[in-house]
Every structure is written in structure tokens, then in C-alpha cells.
Amino acid sequence: MKDADFLFLTALLRTRETSMLKSDKIDRMLDAQGADDAAKLLIDCGYPDMSGMNADMVEVVLQKRRADIYYELSAYEYARALLDLFRAKYDYHNAKTLVKAAGAGIDATRLLSASGRIDAAAMNEAFAADRVGDLPPPVAEAISGAAGILSRTGSPQLADIEIDKAYYAELASLVKTMKNDFIAGYISLLIDSANLRIAVRSSRTGRDGAFLQSALIPGGNVGIEQIVAAYNDGALDAFAGDRLAQAVGLGMEIMRGGSQTQFERACDDAVLLYVTDTAFISFGPAPVVAYLAKLEWEITVVRMILTGKMTGISKDVIRERLRECHV
């Protein structure tokens with residue numbers, strides 16, 4: 001990737017970032033009387049008026065916003081590989097949804113995301129017709145492997161692990177073609193964050209080191225053997241470092257019975273802080289990756305505030321669950 005190719009797109013997205021959700025508007029949304037008043041505050045951020053909508057309608061709007069931006073940016077050929085880093089997440093989300101819905105005997109159609117690279121309806125049709133082989137090989141293999149595991153073990157967790165490993169393996173493969181240190185660092189940190197969550201979750205459910213080793217994802221900054229060795233000693237210090245330091249501390253508290261909410265938030269914040277370190281990068285792929293990560297953050301925050309207010313959750317509880325604002 002050549003940084004100069006991204007001159008125009010970097011300038012365009014930096015301009016758009018000025019209208020993204022900021023801390024002051026988040027505070028105003030939280031202080032609003034209800035979901036309708038909070039929704040009206042988002043119009044200046046480029047969202048349609050979502051007042052009067054229920055949670056399902058809001059979700060449709062948010063998915064459309066993401067899909068529309070992905071579609072617009074895909075017009076820039078040099079940006080498509082960066083988009084794939086984010087769109088792949090939704091292909092594998094859909095894969096998980098289809099496999100687990102089939103195992104539970106329910107219809108997954110309304111749970112599928114339109115933000116992936118593979119058309120959701122086409123994936124659903126291929127799965128229902130037992131033509132998974134028609135899908136791109138990495139996703140097809142993940143679905144087949146997870147479906148087989150679910151059939152043999154009856155464990156949705158193990159099926160999820162199979163698909164997660166395929167997802168991160170494809171991300172690592174995509175990054176190799178880009179030859180960009182910033183993006184490689186971003187994906188490695190994503191994997192470290194995922195592995196830290198896996199270690200904490202394994203501890204909470206009483207899993208041993210052998211299970212953890214089978215569940216961990218290769219390709220992070222921290223090796224699997226290091227993580228397992230620390231885990232067997234009841235620790236997470238293999239993840240020592242500035243980026244995940246807070247999450248590690250909170251993870252240790254969870255292993256002793258602490259709260260999950262702050263830990264999950266710290267894991268997400270570590271990744272978002274990494275991409276927001278691009279303020280002094282004039283142009284190139286890094287600011288584009290940063291914008292796409294911020295878009296994901298913004299959509300998550302909007303969903304949490306609006307649905308929280310619809311269900312009567314207090315603003316203090318909603319605030320506790322929100323990821324930090326780094327726009």
C-alpha cells in the first residue's frame with residue numbers, strides 16, 4: 001500500500017470525523033428525558049431522525065448506516081482491502097448465527113448482518129440448501145467445521161471458537177498482503193485482546209490449561225505457550241504491556257470474582273486507543289482504519305444509549321457500559 005494513494009480519502013474522512021459523536025453529545029444524550037430526545041441529538045451527526053422508533057427499527061437504521069458507508073468507500077479501489085478487515089467480522093458473525101440457529105432449530109434470517117462481504121441472503125440460502133461450498137473457502141470451511149463440532153459435542157461455545165479462529169486467521173492473511181506495520185499492529189492487538197478475554201472466560205468457567213491452549217488464537221503479540229504457562233499459575237502477566245495493562249488488572253479481578261463489564265470495556269478501549277494514535281499521521285491507510293474503527297465505536301454507543309433508554313436503564317448504568325470516547 002502506498003500512503004500517497006490515500007491523500008484524498010484521508011482528507012475526506014478527517015473532515016467527517018468532526019461531525020462524529022463526541023463526549024459532550026454523549027453526555028447530552030444520557031441526560032435526555034427519553035430515547036426520542038436522545039435520538040434527535042444524532043441528526044447533526046448524519047443519522048436520520050430515529051425518534052419514535054423501537055429497538056428493532058433502530059437496529060435497521062444503524063446497520064444501514066454502516067452498510068452505506070462501506071458501500072461508498074468501496075468505490076475507492078485502494079481502500080477495499082481495508083474495508084475487508086472490518087466487513088469480515090460480519091461474515092463470521094453470520095456464520096455463527098446460522099450454525100447455532102440451525103442447532104437450536106430456529107430461523108436466523110432477521111439476526112443476520114448486511115455489513116459483510118458476502119450477501120447475507122445468499123449465505124443463508126447456501127446454508128439452507130447444503131451448498132456451503134459455494135461460499136468463499138475460509139468462511140465455508142469455518143461453517144462446516146463449526147457445524148460438525150456442534151453436531152458432535154452439542155457445545156455452541158466450541159462452535160464459536162472454531163469460527164473465531166477462522167476469522168482471525170483470515171484477518172492475519174489479509175494483513176500479510178498489505179505489508180503495513182500499523183495495520184499489522186492493529187490486528188495483533190485485536191488477537192491479544194481476544195485471547196485475554198478467552199483466558200478470563202476460561203478461568204470463570206473452570207477450564208484447565210489444555211482447554212485454553214485449544215481455544216487461543218495464534219498471531220498475537222503474545223505467544224500461546226506464554227499465555228497458557230501464566231494461566232496455569234493463576235496469572236495473566238503474559239499480557240504485560242501498556243496497551244492492555246488496565247484490562248489485565250481487571251481480568252485478574254474477574255478471576256477472583258470481580259465485574260465483567262469494566263473488563264470488557266477496557267479490552268475494547270485498548271484497541272480503540274491504538275487506532276486513535278493516528279492524529280499525527282498526515283495520510284495513508286492508518287487514518288482510514290482509524291475512521292472505520294471509530295465508526296464501529298459510534299454505532300455501538302448509539303445502540304447502547306437508545307436501547308438503554310427505551311428499556312428504562314438508568315443513565316449511570318448506561319454510562320458504565322459505554323466505551324471511552326476517542327474521536
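What follows is a friendly exchange about a predicted model of a protein.

Colleague: Which helix has the lowest confidence, and which the highest?
Modeller: This is a predicted model, and the protein averages a pLDDT of 90, with 98% of the residues scoring at least 70. At the low end, at a mean of 85, is helix H15 (residues 315–321). At the high end, with 95, is helix H7 (residues 137–153).

Colleague: Thanks! How many helices and how many strands are there in the protein?
Modeller: Two of the helices came up just now, H15 and H7. The full count for the protein is zero strands and 15 helices.

Colleague: What radius of gyration does the protein have, and why does that agree with a compact globule?
Modeller: Let's begin with the extent: along its principal axes the C-alpha trace spans about 50 × 45 × 45 Å. For 327 residues, a compact globule would have a radius of gyration near 20 Å. The protein agrees with that, because its own value is 20 Å.

Colleague: What share of the residues is buried?
Modeller: On the outside, the protein exposes about 15300 Å², and carbon and sulfur atoms supply 52% of that area. Among contacts with a separation of 6 or more, 66% join residues 24 or more positions apart. Of the 327 residues, the buried share is 48%.

Colleague: How far apart do the centres of the positive and negative side chains lie?
Modeller: The protein has 44 negative side chains and 36 positive ones. The distance between the centres of these two sets is 2 Å.

Colleague: Now to single residues. Is asparagine 124 buried or exposed?
Modeller: Asparagine 124 sits in helix H6 (residues 120–128). Leaving aside neighbours within four places in sequence, asparagine 124 touches Leu98, Thr109 and Leu112. Its relative accessibility is 19%, and the cut-off is under 20%, so asparagine 124 counts as buried.

Colleague: What distance separates the C-alpha atoms of asparagine 124 and glutamate 225?
Modeller: Along the chain, asparagine 124 and glutamate 225 are 101 residues apart. In space, their C-alpha atoms are separated by 38 Å.

Colleague: And aspartate 37 and leucine 306, how far apart are they in space?
Modeller: Aspartate 37 belongs to helix H3 (residues 35–40), and with 39% relative accessibility it counts as partly exposed. In sequence, aspartate 37 and leucine 306 are 269 residues apart. From C-alpha to C-alpha, the two are separated in space by 9.6 Å.

Colleague: Which residues is serine 193 in contact with, leaving aside its neighbours within four places in sequence?
Modeller: Serine 193 is part of helix H9 (residues 181–204). At 3% relative accessibility, serine 193 counts as buried. Its contacts, with those neighbours left aside, are Leu244, Cys267 and Val271.

Colleague: Where is aspartate 130, and what is its phi?
Modeller: Aspartate 130 is placed in the loop between H6 and H7. Its relative accessibility is 68%, and so aspartate 130 counts as exposed. Although aspartate 130 is not a glycine, its phi is positive, at about 60 degrees.

Colleague: Last one: is lysine 179 buried or exposed?
Modeller: Lysine 179 is found in the loop between helix H8 (156–178) and H9. Lysine 179 is not a glycine, yet it has a positive phi of about 55 degrees. With 75% relative accessibility against a cut-off of over 50%, lysine 179 counts as exposed.

Technical notes: Residues are numbered from 1 along each chain as its sequence is written. This is a predicted model: local features need pLDDT of at least 70, side-chain atom pairs count only at pLDDT 80 or more; totals for chains, interfaces and linings use all residues. Side-chain values use heavy atoms; hydrogens and water are left out. pLDDT is the predictor's confidence in each residue, from 0 to 100. Helices (H or I, at least four residues) and strands (E, at least two) are DSSP runs, numbered from the N terminus. The radius of gyration is taken over C-alpha atoms; the globule rule is 2.2 Å times the number of residues to the power 0.38. Buried means under 20% relative accessible area, exposed over 50%, partly exposed in between (1.4 Å probe, protein chains only). Contact means heavy atoms within 4.5 Å. Accessible areas come from the Shrake-Rupley method with a 1.4 Å probe; for residues, only the protein chains shown count as cover. Lys and Arg count as positive and Asp and Glu as negative; His and the chain ends are not counted. The place of a charge is taken as NZ of Lys, CZ of Arg, CG of Asp or CD of Glu.
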